[in-house]
Amino acid sequence: MISKEKQTNRFECDVLVIGGGMAGFYAAIRANQKGLKVTITDKGTVGRSGFTPWANTFSIFDESLGDDPQEWIKAVQSKGEYLVNLAYFNMQIEDSLARYKELLNWGIVDSRPEEWDKTSSISSRKYLLGHDRRILMPKILKEADITMVQRVMITELLKDDKQIIGAIGFHMESSEIMLFSAKAVILCTGAGGYKAPGYPIHCSTFDGDAMAYNAGASIAGKDFMDFHFTGDINPWDVFQMEEEIFVNRIYPTKGPELEGPSVSIDPIFKIHKNAPPLNEFLPKEPPPKNPEDYRNKGKSLMPKLPKGNIVMGAATGLGVHKSEGIWPVNNECYSGIPGLYAAGDALASMICGAAYPSTGMGLSGSAVQGYRAGEAAAVFASQCNNSTVSSDSVTSASERMFAPLKSSRGFNPRWVNQVLLNTMAPYYILLVMEKKRLESTLNQIEFLQQNLVTRMKAKDNHELRLVHEVCNMTLNAEMKLRACLMRTESRGNHYRQDFPARNDKEWLAWILISKGKDSKMSLKKEPVPQKWQGNINEPYEKRYTLRFPGELEYLENVGGK
Ligand SMILES: Cc1cc2nc3c(=O)[nH]c(=O)nc-3n(C[C@H](O)[C@H](O)[C@H](O)COP(=O)(O)OP(=O)(O)OC[C@H]3O[C@@H](n4cnc5c(N)ncnc54)[C@H](O)[C@@H]3O)c2cc1C
């Protein structure tokens, strides 16, 4: 019995936070402020793993700088194409400034010269270089007496017949079993991609979605893609984006603008419609011998490569920030499974709807929701008694967790990951979609799940972690393909070549995905409340100002609008 062979380390707390990015940081801080015993765990290192270290803008709503709530709401609704959850968006309006001021006090960002506030232009509201959040975040948690358990890959949530009672994982160095008992668990596990060589986000593999789905929660937002920009010479490699400087200062942004396009998938359409030969963009000169010459000294740490055209692929597999993840059944980040909460990129809060409306909403959304989830989980936990995790459930979860180490034969998870990436990455699968292509890709993913994913073998802890991540990424791929097939329209960052127009009659709705009784994936529509649908009587071209390729011709033919 594996659980008897390996040492089991036990941790007891009131609130367990899984994931140590901005959402997890705030969830832990808030639950701790409410007087509860909090543990935070991360498969990497708190403050250094996930997306949080790379973000450099933070969106704040500040009435004293002239921000108008109605203008913000109108802009985000229009850019998110009427799939925005306004209850969660209102939290941004209510809380983002307070969270920002706390970050300022902690020194995670520096104060700004006063005259910058007198103008409303985004560039003039930049803040000075902040201190290193990767050092400060763990320090602040430690000072608050919050237990940090790092380098732990959590593989399963533990449940009794009433509620979630903890989680189990293994330690990346010692390979020991890490068993957490808690009265409430907050998933702050971030979003994910398929480990393309682009953004440095390889620990982000949709683990929270998979764990919550297996525990009975619903998942949403898988039908909107945002792979992020890169160049077309090697579309999955972000190093062509010479302007991108990672781990920079954090500065605030103004929020969604009423005019102009949202951050959208527009460039991919341009390439698709009129792609010039790729070799036109290949380097004309051989690479310089001295690697230093690659660098743009003083500006960027990135090697300078020829840029080519802008396409998408830097975070292949990623959805719209804050739109994909665990579906909240109320306005308190609650998953609907007693004791289970989620925040940040792991929560389908839908503050952005179908397309990312403005820079800064990612990081600030995680701070705002982390705080709210910490508070709600603390209230729940303070009304609960301790539950004991039975030794039987520890044994069976450990056996599932370590099984790939025991296999004598099997596929290497690195190769299976590569197959998954190659299957899902081409732009004509998830960015320019069509029924037959989606169906044939789903067919391949099902083959992968049945024949490869179930037969992976791990020779050490690193491969073991990858086995679990590949399972989670493949489950996510299935969710994406099924949701994209179901949404028979185009909207925001969801473009169907065979349905290239919005269809308000059918699709002012989110798609919720859950595990059916037969263990099969089940999808259903969740209508957007009427009060959040905007003016549906507005003329089509006015309501939707961005055009999809082929949209107007399609509308002429079907007589729609
Ligand atoms: C390159 C880049 C640039 C960006 N720029 C901006 C920007 O300028 N402005 C902006 O607003 N947003 C930006 N974003 C988005 C923003 O960073 C995210 O929306 C935000 O940081 C998410 O925070 P989070 O805490 O929800 O998740 P994350 O920061 O991703 O944290 C999730 C944590 O969970 C841990 N975890 C995951 N699975 C497990 C598991 N199974 N067991 C244990 N731990 C686990 C991970 O290791 C990670 O530490 C950027 C993202 C990237 C990648």
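# Exercises on a predicted model

In this protein chain, residues 24 or more positions apart account for 75% of the contacts with a separation of 6 or more. The model is predicted, so please read each worked value as computed from it.

## Exercise 1: The chain as a whole

Task: Find how many helices and strands the protein chain has, and what share of its residues count as buried.

Solution.
- Step 1. Start with the elements: the protein chain has 16 helices and 19 strands.
- Step 2. Turn to burial: 57% of the 561 residues count as buried.
- Step 3. Finish with the surface. Its accessible area comes to about 23,400 Å², and carbon and sulfur atoms hold 49% of that.

## Exercise 2: A mixed sheet and its helices

Task: Work out the strand order of the open sheet that has mixed pairing, and say which strands stand at its edges.

Solution.
- Step 1. Write down the order of the four strands, which is β1-β8-β7-β6.
- Step 2. Look for strands with a single partner. These are β1 (8-12) and β6 (152-159), so each has one side without a neighbour in the sheet.
- Step 3. Add the twist: on average, neighbouring strands of this sheet are turned by 20 degrees against each other, direction ignored.
- Step 4. Now take one pair in detail. Strands β7 (residues 164-171) and β8 (residues 177-181) run antiparallel and are joined by five bridges. Here I168 stands opposite L179 in β8.
- Step 5. Place the helices. Helix α9 (residues 391-406) packs on the sheet and touches β6, β7 and β8, its direction making about 40 degrees with that of β7. Helix α13 (residues 461-486) lies across β6 and β7, and runs at about 140 degrees to β7.

## Exercise 3: An antiparallel sheet and a hairpin

Task: Describe the open sheet that contains β18 and β19, then find which residue in their hairpin takes a positive phi.

Solution.
- Step 1. Order the strands: β16-β10-β18-β19, with antiparallel pairing.
- Step 2. Name the edges. β16 (325-326) and β19 each have a single partner strand, so one side of each lacks a neighbour in the sheet.
- Step 3. Count the bridges between β18 (residues 509-515) and β19 (residues 521-527): there are seven, in the antiparallel sense.
- Step 4. Pick out residue partners. I513 stands opposite L523 in β19, and the bridge partner of I511 is K525.
- Step 5. Inspect the turn. Five residues lie between the two strands of the hairpin, and S519 takes a positive phi near 70 degrees.
- Step 6. Look for α13 again: this helix lies across β10 (219-220), β18 and β19, running at about 50 degrees to β19.

## Exercise 4: Two helices side by side

Task: Decide whether α10 is roughly parallel or antiparallel to α12, and list the residues that make the contact.

Solution.
- Step 1. Two packed helices are described by the angle between their axes and the distance between the axes.
- Step 2. Read off both values. The axes of α10 (residues 413-424) and α12 (residues 435-452) come within 10 Å and cross at roughly 170 degrees.
- Step 3. Apply the cut-off: angles over 145 degrees count as roughly antiparallel, so α10 is roughly antiparallel to α12.
- Step 4. List the contact. From α10 come W415, V416, V419, L420, T423 and M424, and from α12 come T441, Q444, I445, L448 and L452.
- Step 5. Sort by class: the contact has eight nonpolar, three polar and no charged residues.

## Exercise 5: Burial, residue by residue

Task: Classify E551 and R547 as buried, partly exposed or exposed, and explain why helix α6 is described as largely enclosed.

Solution.
- Step 1. Begin with E551, found in helix α16 (residues 551-558). Its relative accessibility is 0%, so E551 counts as buried.
- Step 2. List the contacts of E551. Leaving out residues up to four places away in sequence, E551 touches P500, A501, R502, Y540 and L546.
- Step 3. Move to R547, in the loop between α15 (540-543) and α16. With 29% relative accessibility, R547 counts as partly exposed.
- Step 4. List the contacts of R547. Apart from neighbours within four places in sequence, R547 is in contact with R502, Y540, E541 and L552. R547 and R502 are 45 residues apart in sequence, with their C-alpha atoms 10.0 Å apart in space.
- Step 5. End with α6 (residues 207-214). Seven of its eight residues are buried, so the helix is largely enclosed by the rest of the structure. The buried residues are D207, G208, D209, A210, M211, A212 and Y213.
- Step 6. Check what follows: just after α6, G216 takes a positive phi of about 110 degrees.

Definitions and conventions
Residues are numbered from 1 along each chain as its sequence is written. This is a predicted model: local features need pLDDT of at least 70, side-chain atom pairs count only at pLDDT 80 or more; totals for chains, interfaces and linings use all residues. Side-chain values use heavy atoms; hydrogens and water are left out. Two strands pair if DSSP finds at least two bridges between them. Axes are lines fitted to C-alpha atoms, for helices over the stretch in contact, and angles run from 0 to 180 degrees between N-to-C directions. Contact means heavy atoms within 4.5 Å. Buried means under 20% relative accessible area, exposed over 50%, partly exposed in between (1.4 Å probe, protein chains only). Accessible areas come from the Shrake-Rupley method with a 1.4 Å probe; for residues, only the protein chains shown count as cover. Angles under 35 degrees count as roughly parallel, over 145 as roughly antiparallel, 65 to 115 as roughly perpendicular and the rest as oblique. Ala, Val, Leu, Ile, Met, Phe, Trp, Tyr, Cys and Pro count as nonpolar, Asp, Glu, Lys and Arg as charged, and the others, Gly among them, as polar.
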